[in-house]
Amino acid sequence: MEKQELEFITQLINVLKESELKLEEFYKNKDSQKFNEMKRFILKVQKEINGELK
């Protein structure tokens with residue numbers, strides 16, 4: 001794995017961590033629309049990471 005690929009994956013992981021906090025916030029505030037949007041975004045980022053690791 002090249003350095004650029006590793007840096008990209010690291011960035012995606014950091015985005016996931018931040019997104020998790022937002023997801024919790026939306027859940028606590030009972031904002032189902034934003035919660036579902038964030039959930040879909042997290043799944044998209046996870047797929048991107050998975051694709052980079054293959």
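**Exercise 1. Is Phe 35 buried, partly exposed or exposed?**

Solution. The structure is a predicted model, so every value here is computed from predicted coordinates.
- Step 1. Take the relative accessible area of Phe 35: 22%.
- Step 2. Compare it with the cut-offs: buried means under 20%, and exposed means over 50%.
- Step 3. Phe 35 is therefore partly exposed.

**Exercise 2. Find the aromatic pair and classify its geometry.**

Solution.
- Step 1. Count the pairs: there is one aromatic pair.
- Step 2. Name the partners: Tyr 27 and Phe 35.
- Step 3. Read the geometry. The ring centres are 6.0 Å apart, with 50° between the planes.
- Step 4. Apply the limits. Planes under 30 degrees apart count as stacked, over 60 as edge-to-face and the rest as tilted. This pair is tilted.
- Step 5. Check the cover on each partner. Tyr 27 is exposed because its relative accessible area is 61%. Phe 35 is partly exposed at 22%.

**Exercise 3. List the residues of the largest nonpolar core and say which helices supply them.**

Solution.
- Step 1. The largest nonpolar core has nine residues. They are Ile 9, Leu 12, Leu 16, Leu 23, Phe 26, Met 38, Ile 42, Val 45 and Ile 49.
- Step 2. Assign them to helices. H1 (3-28) and H2 (32-53) each supply at least two residues of this core.
- Step 3. Find the main supplier. H1 gives the largest share, five residues.
- Step 4. Set this against the general pattern. In soluble globular proteins, nonpolar side chains tend to be buried together.

**Exercise 4. Trace the contacts that Leu 16, Ser 19 and Leu 23 make beyond four places in sequence.**

Solution.
- Step 1. Start with Leu 16, in helix H1. Its relative accessible area is 18%, so Leu 16 is buried. Leu 16 touches Ile 42, Val 45, Gln 46 and Ile 49.
- Step 2. Compare sequence and space for one of these contacts. Leu 16 and Val 45 are 29 residues apart in sequence, yet 7.1 Å apart C-alpha to C-alpha.
- Step 3. Move to Ser 19, also found in helix H1. Ser 19 is buried because its relative accessible area is 5%. Its contacts are Met 38, Phe 41 and Ile 42.
- Step 4. Finish with Leu 23. Leu 23 touches Phe 35, Met 38, Lys 39 and Ile 42.
- Step 5. Look for a shared partner. Ile 42 is in the contact lists of Leu 16, Ser 19 and Leu 23.

**Exercise 5. Which residue in the loop between H1 and H2 has a positive phi?**

Solution.
- Step 1. Recall the background. Most residues other than glycine have a negative phi.
- Step 2. Find the residue. Lys 30 has a phi near 55°, a positive value in a residue other than glycine.
- Step 3. Place it. Lys 30 sits in the loop between H1 and H2.
- Step 4. Check the cover. Lys 30 counts as exposed because its relative accessibility is 75%.

**Exercise 6. Describe the nonpolar surface patch, then the setting of Lys 3.**

Solution.
- Step 1. Met 1, Leu 6 and Leu 53 form the patch. Together they have about 340 Å² of accessible area.
- Step 2. Take Leu 6, which lies in helix H1. At 49%, Leu 6 is partly exposed, since exposed means over 50%.
- Step 3. Turn to Lys 3, also in helix H1. At 64% relative accessibility, Lys 3 counts as exposed.
- Step 4. Relate Lys 3 to a core residue. Lys 3 and Phe 26 are 23 residues apart in sequence and 35 Å apart in space, C-alpha to C-alpha.

Conventions. Residues are numbered from 1 along each chain as its sequence is written. This is a predicted model: local features need pLDDT of at least 70, side-chain atom pairs count only at pLDDT 80 or more; totals for chains, interfaces and linings use all residues. Side-chain values use heavy atoms; hydrogens and water are left out. A nonpolar core is a set of buried Ala, Val, Leu, Ile, Met, Phe, Trp, Tyr and Cys residues joined through side-chain atoms within 4.5 Å. Buried means under 20% relative accessible area, exposed over 50%, partly exposed in between (1.4 Å probe, protein chains only). Contact means heavy atoms within 4.5 Å. Rings of Phe, Tyr and Trp (its six-membered ring) pair if their centres lie within 6.5 Å; planes under 30 degrees apart count as stacked, over 60 as edge-to-face and the rest as tilted. Patches are made of residues with over 30% relative accessible area and no salt bridge: like charges are joined within 9 Å, nonpolar side chains (Val, Leu, Ile, Met, Phe, Trp, Tyr) within 5 Å. Accessible areas come from the Shrake-Rupley method with a 1.4 Å probe; for residues, only the protein chains shown count as cover. A salt bridge is a side-chain nitrogen of Lys or Arg within 4 Å of a carboxyl oxygen of Asp or Glu.
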